[in-house]
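Colleague: I am new to this structure, and I would like to understand the reasons behind the words people use for it. Could we go through it together?

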Amino acid sequence: MAARERNPERSRERILDAARTEFAAHGLAGARVEAIARRAGLNKQLISHHFGGKDALYRAVMSERRLRPGGEMAEAPDHLPQALGSFFERARNDSECVRVLLWESLEAGPGNERADTDPAVTEARRARYAERVAWVDAEQAAGRLPADLDPTLTFMSLLGAALYPVLLPELCELMTGHRPDDDEFAAAYRRHLDALAASLSA
């Protein structure tokens with residue numbers, strides 16, 4: 001039986017945690033309010049009480065995730081070549097965040113309202129990525145990346161290389177026989193990313 005609400009703030013946190021797991025597994029369209037309530041151990045009426053429904057809960061989950069460390073790299077990167085491996089490890093250890101963001105991209109389309117409509121969240125993300133592009137500029141100035149590469153596109157390319165196995169674990173397993181959460185694969189992929197980054201600076 002679902003627990004009664006005794007601590008509203010704790011109930012809200014439990015709903016967010018449960019919703020993040022459900023949205024990561026099934027996306028917005030496939031997620032069920034009943035399943036979220038069951039995961040949280042609360043009555044589903046509390047979801048309406050705290051968030052007003054599934055769509056509003058989804059927006060709250062996305063806003064909350066984007067302001068936390070994880071797949072969007074809230075912490076400053078290391079220097080190259082270690083930075084790529086760090087990107088991979090952060091995403092590997094927070095794959096739920098990556099899956100939520102991937103679901104959002106898959107379900108977005110003409111006329112669909114984006115989950116990051118909160119201007120403060122959008123501005124915080126824009127500033128974060130501007131810092132990452134500035135990091136590429138600094139790595140280029142230090143000779144760890146070619147100076148003739150576009151900094152923004154270079155960051156996108158580096159991040160893509162680091163996140164690929166986490167974004168597409170089935171393809172990773174198909175090609176390598178391992179999933180990204182396998183420790184043996186993770187160690188090998190980190191070594192590969194270090195070598196890849198070192199070759200760029202060469």
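Modeller: Gladly! Let's start with glutamine 140, which lies in helix 7, residues 119–141. Please keep in mind that this is a predicted model.

Colleague: Why does glutamine 140 count as buried?

Modeller: Its relative accessibility is 10%, and buried means under 20%. The value falls under that cut-off, so glutamine 140 counts as buried. Leaving aside neighbours within four places in sequence, glutamine 140 touches Leu145, Pro146, Ala147, Leu149 and Pro151.

Colleague: What about the chain as a whole: which elements does it have?

Modeller: The protein chain has 10 helices and zero strands. Of its 202 residues, 39% are buried. The chain exposes about 10900 Å², with carbon and sulfur atoms supplying 54% of that area. Among the contacts with a separation of 6 or more, 67% are between residues 24 or more positions apart.

Colleague: Let's take one residue in the early part of the chain. What makes isoleucine 36 a buried residue?

Modeller: Isoleucine 36 has 0% relative accessibility, and the cut-off for buried is under 20%. Isoleucine 36 is therefore buried. It lies in helix 2, residues 33–40, where Ala35, Ala37 and Ala40 are buried too.

Colleague: Which residues does isoleucine 36 touch, leaving aside its neighbours within four places in sequence?

Modeller: They are Ile15, Ala18, Ala19, Glu22, Phe23, Ile47 and Leu57. As for leucine 16, its C-alpha atom is separated from that of isoleucine 36 by 8.9 Å, and the two residues are 20 apart along the chain.

Colleague: How do helix 1 and helix 2 pack, and at what angle?

Modeller: Helix 1, residues 8–30, packs against helix 2 at about 125°, with the axes 8 Å apart. Roughly perpendicular ends at 115 degrees and roughly antiparallel needs over 145. An angle of about 125° fits neither class, so helix 1 is oblique to helix 2. Their crossing is right-handed. On the helix 1 side, Arg14, Ile15, Ala18, Ala19, Thr21, Glu22 and Phe23 take part, and they meet Ala35, Ile36, Arg39 and Ala40 of helix 2.

Colleague: What is found just after helix 2?

Modeller: Glycine 41 is there, with a positive phi of about 70°. Most residues other than glycine have a negative phi, and most peptide bonds are trans. On the subject of peptide bonds, leucine 80 and proline 81 are joined by a cis one, with omega about 5°. Proline 81 sits in the loop between helix 4 (54–66) and helix 5.

Colleague: Why is helix 5 called roughly antiparallel to helix 10?

Modeller: The axes of helix 5 and helix 10, residues 183–201, cross at roughly 150° and come within 7 Å. Angles over 145 degrees count as roughly antiparallel, so that is the name for this pair. Helix 5 passes helix 10 in a right-handed crossing. The residues in contact include Leu84, Gly85 and Phe88 of helix 5, and Phe185, Tyr189 and Leu193 of helix 10.

Colleague: And how do you know that helix 8 and helix 10 are roughly antiparallel?

Modeller: The reasoning is alike. Helix 8, residues 151–167, crosses helix 10 at roughly 165°, their axes coming within 11 Å. With the cut-off at over 145 degrees, the two are therefore roughly antiparallel. This crossing is right-handed. Leu158, Ala161, Ala162 and Pro165 of helix 8 make the contact with Phe185, Tyr189, Leu193, Leu196 and Leu200 of helix 10.

Colleague: How many aromatic pairs does a search of the whole structure find?

Modeller: The search finds eight. One of them is formed by phenylalanine 87 and tryptophan 135.

Colleague: What makes that pair of phenylalanine 87 and tryptophan 135 edge-to-face?

Modeller: Their ring centres are 5.8 Å apart, and the planes meet at 65°. Pairing needs centres within 6.5 Å, and edge-to-face needs over 60 degrees, so both conditions are met. Phenylalanine 87 lies in helix 5 (residues 82–92) and tryptophan 135 in helix 7, so the pair ties together parts that are 48 residues apart in sequence. Against the cut-off of under 20%, phenylalanine 87 is buried at 0%, and tryptophan 135 is buried at 9%. Ring pairs also link these two with Tyr129 and Phe155 into a cluster.

Technical notes
Residues numbered from 1 in each chain as written. Predicted model: local features only at pLDDT ≥ 70, side-chain atom pairs only at ≥ 80, totals over all residues. Heavy atoms only, no water. Helix = DSSP H or I, 4+ residues; strand = E, 2+ residues; numbered from the N terminus. Buried < 20%, exposed > 50% of the residue type's maximum accessible area, 1.4 Å probe, protein only. Contact = heavy atoms within 4.5 Å. Phe/Tyr/Trp six-rings, centres within 6.5 Å; stacked < 30°, edge-to-face > 60°. Areas by Shrake-Rupley, 256 points an atom, 1.4 Å probe, with all protein chains shown as cover. Axes fitted to C-alpha atoms, helices over the stretch in contact; angles between N-to-C directions. Parallel < 35°, antiparallel > 145°, perpendicular 65-115°, else oblique. Left-handed = near helix turned anticlockwise from the far one by under 90°.
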